[in-house]
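Grab a pencil and work through these exercises with the model open beside you. Try each task before reading its solution.

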Amino acid sequence: MPVPRRFDRQPPERDQTRINERIRVAEVRLVDEDGSQIGVVKTDQALAMAAERDLDLVEVAPDSRPPVARLLDYSKYKYEQEQKAKAARKHQQQVNIREIKLRPKIADHDYETKKGHVERFLRHQDKVKVTIMFRGREQAHPERGRALLERLNEDLGELATVEQHPQQEGRNMHMLLAPSRQAAARAREEGRDDAPEAESGGEPAAAA
């Protein structure tokens with residue numbers, strides 16, 4: 001026998017702001033549409049004032065005693081708030097973490113290639129997680145990995161700042177580099193192009 005489906009009987013989310021007749025208190029502290037204080041008035045009187053001006057009575061501070069209500073065009077107000085929120089999200093810069101993997105005995109040519117990848121990521125305002133992978137007997141010489149990470153940091157010059165110093169985790173050693181202020185300024189001057197793909201997919205981080 002088939003199992004009956006379970007329905008979510010929770011009511012859909014809706015705007016919880018109390019406006020007009022949804023304001024059930026006896027009186028409110030009224031604010032005019034231009035922001036000026038009118039004072040404490042009966043809610044019925046405030047509703048009448050809103051109707052006369054073709055506006056809404058909107059509760060803006062429900063925890064106050066009495067609650068603060070304002071005269072305004074609520075549809076227009078809500079639209080403007082949504083546009084401001086969209087603009088704020090648009091201007092938030094998403095920071096990615098790219099990963100570059102090195103071996104302790106990496107050849108000079110390969111090192112220069114990897115360093116070039118790190119430089120491009122930093123110029124594109126991405127953070128870079130540099131991982132040294134130890135194998136077999138290499139694990140007995142973690143100082144070689146640390147020296148390689150320090151060399152990379154020095155070779156990057158003013159492009160990078162160390163956000164997380166080298167740390168050993170099992171067979172790997174990690175260091176996290178972030179773009180320096182000089183790198184950020186240079187990126188703004190040159191204009192940001194599409195960031196190149198990392199060797200092992202970038203993972204989005206929280207913006208700064």
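**Exercise 1: a helix and its span**

Task: find which residues of helix H3 are buried, then check the helix's length.

Solution. Start with burial: Tyr111, Lys115, Gly116, Val118, Glu119, Phe121 and Leu122 are the buried residues of H3. Buried here means under 20% relative accessible area, exposed means over 50%, and partly exposed is in between (1.4 Å probe, protein chains only). Helices (H or I, at least four residues) and strands (E, at least two) are DSSP runs, numbered from the N terminus.

A quick note before going on: this is a predicted model, where local features need pLDDT of at least 70, side-chain atom pairs count only at pLDDT 80 or more, and totals for chains, interfaces and linings use all residues. Residues are numbered from 1 along each chain as its sequence is written, and side-chain values use heavy atoms, with hydrogens and water left out.

Now the length. The expected span of a helix is 1.5 Å times one less than its number of residues. For the 16 residues of H3 (residues 108–123) that gives 22 Å, and the end C-alpha atoms are indeed 22 Å apart, so the two agree. Last step: look just past H3, where Gln125 has a positive phi, near 65 degrees.

**Exercise 2: the sheet**

Task: work out which strands stand at the edges of the sheet.

Solution. First write down the order: this open sheet of four strands runs S2-S1-S4-S3, with mixed pairing. Two strands pair if DSSP finds at least two bridges between them. Next, look at the ends: S2 (37–42) and S3 (56–61) each have a single partner strand, so one side of each is left without a neighbour in the sheet. Then zoom in on one pair: S3 and S4 (residues 68–72) are antiparallel, joined over five bridges. Ala61 sits opposite Val68 in S4.

**Exercise 3: two residues**

Task: is Asn20 buried or exposed, and what does its side chain meet?

Solution. Asn20 belongs to the segment before strand S1 (27–31). Its relative accessible area is 16%, so Asn20 is buried. Its side chain makes a polar contact (a pair of N or O atoms within 3.5 Å; within protein, one must be able to donate a hydrogen and the other to accept it, and residues adjacent in sequence count only if both atoms are side-chain atoms) with the side chain of Asp56, at 3.0 Å.

Task: how accessible is Val40?

Solution. Val40 lies in strand S2. With a relative accessible area of 40%, Val40 is partly exposed. Finally, Val40 and Pro66 are 26 residues apart in sequence but 7.8 Å apart in space, C-alpha to C-alpha.
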